[in-house]
Amino acid sequence: MEAEPNENKVSKPNTWPYMNMSSLVTSFFIKLTTAGIIWGCGYMNINLAWLLCPIIVFVWNVLANEKELIGKRMDELPSWVYFPDFDRAEWLNRILYKVWPSINQYARELCKQTIEPSIVQKLADYKIKGFQFERLVLGRIPLKIYGIKVYDKNTSRSEIILDADVMYAGDCDITFSVGNIKGGIKNFQLRGLMRVVMKPIISVIPIIGGIQVFFLNVPAINFNLVGVADVLDLPGFSETLRKTIIEQIAAIVVLPNKIVIPLSEQIPVETLKVPEPEGILRIHVIEAKHLMKKDIGMLGKGKSDPYAIINVGAQQFRTKTIDNTVNPQWDFWCECAISSAIAQQLTVLVWDYDDTKGDESLGRATIEVNRVKKKGILDTWVSLEQAKHGMVHLRLTWLQLSKNVADLQAALIETQELRVTSMSTAVLIIYVDSAKNLPCIRGNKQPDVYLEARVDGQIQRTNTILRSCDPVWEQGFTFLVSNPESSIMHIKINDEKTTMIVGEMSYKISSLIEKDNLEVTQQPYDLQMAETDSKLVLSMSLSILKYEQPEPTSEEDEDDQNVNEFNKKIERQESNVSNILSSSVPPSPLKKQSSKESINSLPRNIESTSVAPIEEMILQPEEEDIISNTAPSLSYTSSGGLIHRTPSTTSSAGESKLGRIQLTLRYSIQRQKLIIDIHRIAHLPLPQNDPTNIPDPYVKLYLLPDKHKETKRKTAVIKDNCNPIFDEKFEYVVSQADLNSRVLEISVCTQKGWLSTGSNVMGQLHLNLSEIDVTKAVTTWYDLQAEIKD
């Protein structure tokens, strides 16, 4: 008879959970504390119902902010949700998951060989030495592609161009040391638009000669510092390290920098690595107006100390700081080479300088570079995003590259007329291939060499090649040349350890003017301060900058269409005004109330209206001085009996006798933005109890139902004026699907007390965007209604 399996097991006595003394003491104190809290609440007559109010307020705030939180997460949605020309690429993500371990190894070598030396060099400027990566693991979660777009138009026959919306938010494990300080990087995140160029297409396997990979614009990079580096947070160390890492990543993979992967030995590496600028973007940051006030003075908010940072890819420029103003005039010029105009952006970041608590953001503006290329010259006021108010005035010019020497004289004359010494007339592209037979340093030790090239104050340097007398760099650089007839290129080859010069040379750029096609290819040059047989192999190409008026195309962008519509509308308005003036209407005894502020509020960029987009430079006829004997034409909408009139009837104060406001509304499908132009207000009433109290009007905007600081916009205040002129533009980033559920609230307010209620709202307007066709620009007058209080 078989025994039961449990018969041989030794039964253990059931132990009581608190057999030792420490457990007994812990249990006793827990129960004693609980009893004390309950007794204390009863002794102090505290009712648990008192907690209901804070709980209700907390839940209410969570529900109120839920939509705002969802809106902030909209940027994390894939590109194919917003843009129909982006395709889903789940199959590509599955491939990435398979090859991620190999990519992990490649990224580790890239960081050690390229990013680490760059960070070491940059931190040396801050007197920080000894940086090195100790552990580099990108983790198991691979890079994810949210959408992919392949270009089939406006591309060369020998190349394939595709854009990929990529995001990395993996489980990386990165540790580093700076001297004796140990630290690490966790929660590393990256999101941006990556371009992949496969060229040239060849007739043998592998069909493609090579691959270029780069970001068009600086991707969004975020990470957390952990370890001693974050805990100690030495003065400025954490911020300096963070800034340096982001800058060096951008300097490697953001245009004009590229990662080049040759695939065929039949294609010279020079073909893939030499810079290929499509054109030059000349940037003139003229001024800004109505910026936010960030400085705190004795009597409250004072003004700001604004400066601007201009970013185009990895290229960055900074204006001077102008103290104590919200209307700075920088008059700043700069130029940058553009490798690809399609999808690349110009970004202007406006900051308030503060040397005590850190600089504060005053907003940002973005312009598509391809838009400038299509127009040739773009003179525009751009509203600042991520700010309550503020605009920046930019003048952008697209310059083409020419191989005709005859164009040089015209370029020199143009720069002389500009009277700006920093402007260029030509572009020099050099390709540093290699050096041969360099001398040894300190006996027979081979040098750690790098090359440094300088043209008109611009300095570029190659990577360092360790222990080599025959270094191969294979790197290309682009220089902007002020005058190729007099400019000289200076080249030095240095040993990194001893800083000794291994060889140098100077080259007159005017020599290229005599060459065929203004270029030389793989030419060896003698080096000074080196051996007699030391050579430097270079390729150089010179191009002249030339402005050409773009040819009109059949595919007009929406801004051009709106310009034409506005021009026609303005012509009709002007013809209506001229007809009224020529009629038998007696001259009006009414005149606009004059004020210094209303005169100053007129647009200052009238001289540039021939090139500015119409949404930035709307010119309206002076209609308020005209009284029409004819009955005004009214247009009724279904939005609660809202009445708005055509611009030719501006004599009355509106249905509610609260005045009228002139607006322009349009929606940019390409930019996913609602654009509102506040032009002017007419016939604001005076308080009945105090007719001498002339208001100080301004306009406040909200995009309902989100009535919070993020959607608040505000114009400047016009002092003592019942007919103020603003001519200010505001933008809201909102998707086309969400537009129909939005209501634009426009409130006309005054800084002075209004009526007997104490409210500063003089009139209000609610525009249901689902009832207005904002795909086309609409300019009209709206009657102000009484304030609707929540």
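These exercises work through selected features of the structure above, each with a solution.

This is a predicted model, in which local features need pLDDT of at least 70, side-chain atom pairs count only at pLDDT 80 or more, and totals for chains, interfaces and linings use all residues. Residues are numbered from 1 along each chain as its sequence is written, and side-chain values use heavy atoms, with hydrogens and water left out.

**Exercise 1. Helix H5**

Task: Compare the span of helix H5 with that of a straight helix, and find where H5 is kinked.

Solution:
- Step 1. Locate the helix. H5 covers residues 90-124. Helices here are DSSP runs (H or I, at least four residues), and strands are runs of E with at least two; both are numbered from the N terminus.
- Step 2. Work out the expectation. The expected span is 1.5 Å times one less than the number of residues. For 35 residues, a straight helix would span 51 Å.
- Step 3. Compare. Between its end C-alpha atoms, H5 spans only 43 Å.
- Step 4. Look for a bend. H5 has a kink of about 60° at Val99, shortly before the proline Pro101. The bend at a residue is the angle between axes fitted to the seven residues ending there and the seven starting there.

**Exercise 2. A salt bridge from H5**

Task: Find which residue pairs with Glu90 in a salt bridge, and state what the pair ties together.

Solution:
- Step 1. Set the rule. A salt bridge is a side-chain nitrogen of Lys or Arg within 4 Å of a carboxyl oxygen of Asp or Glu.
- Step 2. Find the partner. Glu90 meets Lys144, at 3.9 Å from N to O.
- Step 3. Place both ends. Glu90 is in helix H5 and Lys144 is in strand S2 (residues 144-150), so the bridge ties together parts 54 residues apart in sequence.
- Step 4. Check the exposure. Buried means under 20% relative accessible area, exposed over 50%, and partly exposed in between (1.4 Å probe, protein chains only). Lys144 is partly exposed at 32%. Glu90 is partly exposed at 31%.

**Exercise 3. Further salt bridges**

Task: Give the number of salt bridges in the whole structure, and describe two further pairs.

Solution:
- Step 1. Count. The search of the whole structure finds 22 salt bridges.
- Step 2. Take Lys535. Its partner is Asp526, with the closest N and O atoms 2.2 Å apart. Lys535 is partly exposed, at 28% relative accessible area.
- Step 3. Take Lys546. Its side chain meets that of Glu548 at 3.0 Å, N to O. Lys546 is partly exposed at 28%, and Glu548 is partly exposed at 33%.
- Step 4. Look for shared partners. Glu385, Lys673, Lys729 and Glu731 are joined into one network by salt bridges that share partners.

**Exercise 4. A four-stranded sheet**

Task: Give the strand order of the open sheet that contains S12, and name the strands at its edges.

Solution:
- Step 1. Read the order. The strands run S13-S12-S15-S16, with antiparallel pairing. Two strands pair if DSSP finds at least two bridges between them.
- Step 2. Find the edges. Strand S13 (315-318) and strand S16 (360-368) each have a single partner strand, so one side of each has no neighbour in the sheet.
- Step 3. Zoom in on one pair. S12 (residues 306-312) pairs with S13 over four bridges. Ile309 stands opposite Arg318 in S13.

**Exercise 5. Backbone features**

Task: Locate the cis peptide bonds before Pro206 and Pro256, then place two non-glycine residues with positive phi, Ala343 and Asp727.

Solution:
- Step 1. Ile205 and Pro206 are joined by a cis peptide bond, omega about 15°. Pro206 is in the loop between strand S5 (181-201) and strand S6 (208-215).
- Step 2. Leu255 and Pro256 are also joined by a cis bond, omega about 10°. Pro256 is in the loop between helix H7 (237-253) and strand S8 (259-262).
- Step 3. Ala343 has phi near 75°. Ala343 lies in the loop between strand S14 (329-338) and strand S15 (345-352).
- Step 4. Asp727 has phi near 50°. Asp727 lies in strand S33 (residues 725-733) and is partly exposed at 21%.

**Exercise 6. Two cysteines**

Task: Decide whether Cys440 and Cys469 are bonded or not bonded.

Solution:
- Step 1. Set the limit. A disulfide is a pair of cysteine sulfur atoms within 2.5 Å.
- Step 2. Search. The whole structure has zero disulfides.
- Step 3. Check the pair. The sulfur of Cys469 is 3.6 Å from that of Cys440, too far for a bond.
- Step 4. Compare surroundings. Cys440 is partly exposed at 36%, whereas Cys469 is buried at 11%.
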